[in-house]
Amino acid sequence: MVIHDIVIIGGGLAGMRAAIEASRAGLDAAIVSKIYPVRSHSVAAQGGINAALKDTDSWENHAFDTVKGSDYLGDQDAIELLCKEAPFDIMELEKMGAIFSRDPEGRIAQRPFGGAGYPRTCYLADRTGHALLHVMYEQLVKHEVVLYDEWHVVKVVVEDGTARGVIALELSTGKLHRLHSKAVLIATGGYGRVFRTTTNALSSTGDGMGLALDAGAELMDMEFVQFHPTVLKRTGILMTEGCRGEGGYLLNSKGERFMSRYAPKVQELASRDVVSRAEQTEIEEGRGVDGCVLLDLRHLGADKINRKLPQIRSLAINFAGVDPVEKPIPVKPGAHYSMGGIRTDFDGATTVPGLYAAGECACVSVHGANRLGGNSLLEAIVFGRRAGIGVSNFSESNGLLPFPATALKEAAFEVADITKRDSGESPAALREEMAGVMEAHSGIFRDRTRLTDGLRKLRDIRERFKGVALTDRGDYYNNELLQVIELAQMLKISEAILLGAVEREESRGSHFRTDFPLRNDKDWMKHTLVSLKDGEMKLGYKAVTVTKFQPQERKY
Ligand SMILES: Cc1cc2nc3c(=O)[nH]c(=O)nc-3n(C[C@H](O)[C@H](O)[C@H](O)COP(=O)(O)OP(=O)(O)OC[C@H]3O[C@@H](n4cnc5c(N)ncnc54)[C@H](O)[C@@H]3O)c2cc1C
């Protein structure tokens, strides 16, 4: 058994940022990551990170845009913190060595982004996540943070209501290990892979949300799934919002810039939920092009595309066979981001003492019913830092409690229960089926019948999952076993999404109910909460915090 002050699950931006803070506090923090940390999905972030840096902008404007973008479901006190602290964090990133693109005066350049009333998205061309994650990794090395690479956490160990460490599977040996700690921080990113078409990495399977549920924590606002308007049809690869921020248009099969009908003022730069619904409507009403619409960048010219969107050009050539300098790129909406997640306070604390969460897996809540582009890298940094301080304070004032003697044996028994089955359904086929159900029943347009049918199908898959069998019984890098462990969590998360979506009888942000097409502030200015009681999911509610901005109709 190894012992650390703090165990952080996840080596993406949020986990790394938190680890640096723990290390600055003189604590021994370790990061456990199922993939090599610099391969975390944060590395794929393209468009940028928001902060009100200029005199002509203000954190209050940023906060208003975020509240409006959230369709008034984001907690305004949390949003104020995010926007107020953003400039400090950008400056700190720069001091750590992050390279940002520059404007002609040499200041950090900022581009327009969807739903924002001011160009406030800082970027490095279209590779912002890559730039930030690698800088953060250098800081980890500098602070001598201990890393357990390619260790997959299968359980957060909780005894008498307090988190005491984790059990992790070392992929290269197949061995289970105990990591004992005073506190645990979950920073495991999103769950995009529960859908078929997604921009998310293979590793974005939402493990941490499932681990948190099992540990007794609550999930919040799970029905809100962001569908990004511009992903490639076959692979789901993202074409950043920066394409539209730099002036790209969306066209239908008649060559019309159809967004002028849905968001007359800002057109392609409306918030993502609005643009995705518009595209889906065009496609369903027969004005699509082979199940897509067209993202036209040609008028930007080769020089600007090469300077500002070089990765987009190569991705479009390699994965869609289209050079955007010469032809428009066929795109459609795809699952992109988890607005909901593990309920935390501003310092990352969940409702379970000693258990913290930050980044995309957490719900503070700053995104409400729809996240603005550029706000989630920011959330990972601001609330990663804050959670790093929160979890450090907790572990400084609490001693190391005993690690339950049976925890390892129980985890080993659960793993053996999967590996020893002689025959059964294929886990890969079941995973495909789950993703198909989520796509068909919990997509951009929802209604009670579709959702309840989806829930029924999903519960059937959960039952059948108990009988899946592996074809690979090996110990070394048993990827099939890993996928089964991931699938167990994905099924839980999918059920939580559907439960919240059935319950919320209104349309708000990304959650659009064709049977309740209007927002209903009278009954639904509240968050949904999901917890596990005796293996069953229970729903609860929590009021939204409103400070300055009273709900208004959202128009773009
Ligand atoms: C293609 C793409 C582009 C994006 N572009 C932008 C953008 O331009 N601007 C913006 O603001 N946002 C963007 N986002 C969103 C943003 O990148 C993410 O929300 C953010 O980076 C998430 O960071 P994170 O640290 O929470 O998680 P991640 O970076 O996803 O890291 C998760 C970590 O958890 C680990 N992990 C997971 N499960 C386990 C387990 N069971 N055991 C051990 N380790 C585990 C993984 O190994 C990984 O290290 C984009 C997202 C995508 C998919």
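Two strands count as paired if DSSP finds at least two bridges between them. The exercises below apply this and related criteria to a predicted model.

**Exercise 1. In what order do the 3 strands of the open sheet lie, and which are the edge strands?**

Step 1. The open sheet is formed by 3 strands in the order β3-β5-β4, and their pairing is antiparallel.

Step 2. The edge strands, each pairing on one side only, are β3 (49-50) and β4 (110-111).

Step 3. For the pairing of β3 with strand β5 (residues 121-122), 2 bridges are found in the antiparallel sense, and the criterion asks for at least two. Within this part of the sheet, Asn50 stands opposite Thr121 in β5.

**Exercise 2. Describe the largest nonpolar core, and state which helix gives the most to it.**

Step 1. The largest nonpolar core has 75 residues, and those with the most contacts inside it are Val156, Ile186, Tyr191, Phe195, Ile342, Leu355 and Ile497.

Step 2. The helix that gives the most to this core is α15 (residues 479-503), which supplies 14 residues.

Step 3. Taking Phe195 as a case, and leaving aside residues up to four places away in sequence, one finds that Phe195 touches Val225, Phe227, Ala335, Ala435, Met438, Glu439, Ser442 and Ile497.

Step 4. There is also a second, separate core of 63 residues, which includes Ala29, Tyr356, Val366 and Phe394.

**Exercise 3. Which parts of the chain does the salt bridge between Lys182 and Asp5 link, and is each partner buried or partly exposed?**

Step 1. The structure holds 60 salt bridges; in the one between Lys182 and Asp5, the closest N and O atoms are 3.2 Å apart.

Step 2. Lys182 belongs to strand β9 (residues 175-186) and Asp5 to strand β1 (residues 2-9), so that distant parts of the chain, 177 residues apart, are linked by the pair.Step 3. Buried means under 20% relative accessible area; Asp5 has 17% relative accessibility and therefore counts as buried, whereas Lys182, at 22%, counts as partly exposed.

**Exercise 4. Trace the salt bridges of Arg519, and say why its pair with Asp71 ties together parts that are far apart in sequence.**

Step 1. The side chains of Arg519 and Asp71 meet in a salt bridge with an N to O distance of 2.7 Å, and those of Arg519 and Asp521 meet in another at 2.9 Å.

Step 2. Because Asp71 lies in the loop between α2 (59-69) and α3 (76-96), while Arg519 lies in the loop between β19 (512-513) and α16 (521-524), the pair ties together parts that are 448 residues apart in sequence.

Step 3. As for accessibility, Asp71 counts as buried at 7%, Arg519 counts as partly exposed at 23%, and Asp521 is partly exposed with a relative accessible area of 27%.

Step 4. These residues belong to a network of salt bridges that links Asp71, Glu223, Asp273, Arg277, Arg504, Glu506, Arg508, Arg519, Asp521 and Arg554.

**Exercise 5. Which residues make the nonpolar surface patch of about 280 Å², and where is Leu400 found?**

Step 1. The patch of about 280 Å² is made by Met1, Ile3 and Leu400.

Step 2. Leu400 is found in the loop between α11 (375-397) and α12 (407-419), and because its relative accessibility is 36%, Leu400 counts as partly exposed.

Definitions and conventions. Residues are numbered from 1 along each chain as its sequence is written. This is a predicted model: local features need pLDDT of at least 70, side-chain atom pairs count only at pLDDT 80 or more; totals for chains, interfaces and linings use all residues. Side-chain values use heavy atoms; hydrogens and water are left out. A nonpolar core is a set of buried Ala, Val, Leu, Ile, Met, Phe, Trp, Tyr and Cys residues joined through side-chain atoms within 4.5 Å. Buried means under 20% relative accessible area, exposed over 50%, partly exposed in between (1.4 Å probe, protein chains only). Helices (H or I, at least four residues) and strands (E, at least two) are DSSP runs, numbered from the N terminus. Contact means heavy atoms within 4.5 Å. A salt bridge is a side-chain nitrogen of Lys or Arg within 4 Å of a carboxyl oxygen of Asp or Glu. Patches are made of residues with over 30% relative accessible area and no salt bridge: like charges are joined within 9 Å, nonpolar side chains (Val, Leu, Ile, Met, Phe, Trp, Tyr) within 5 Å. Accessible areas come from the Shrake-Rupley method with a 1.4 Å probe; for residues, only the protein chains shown count as cover.
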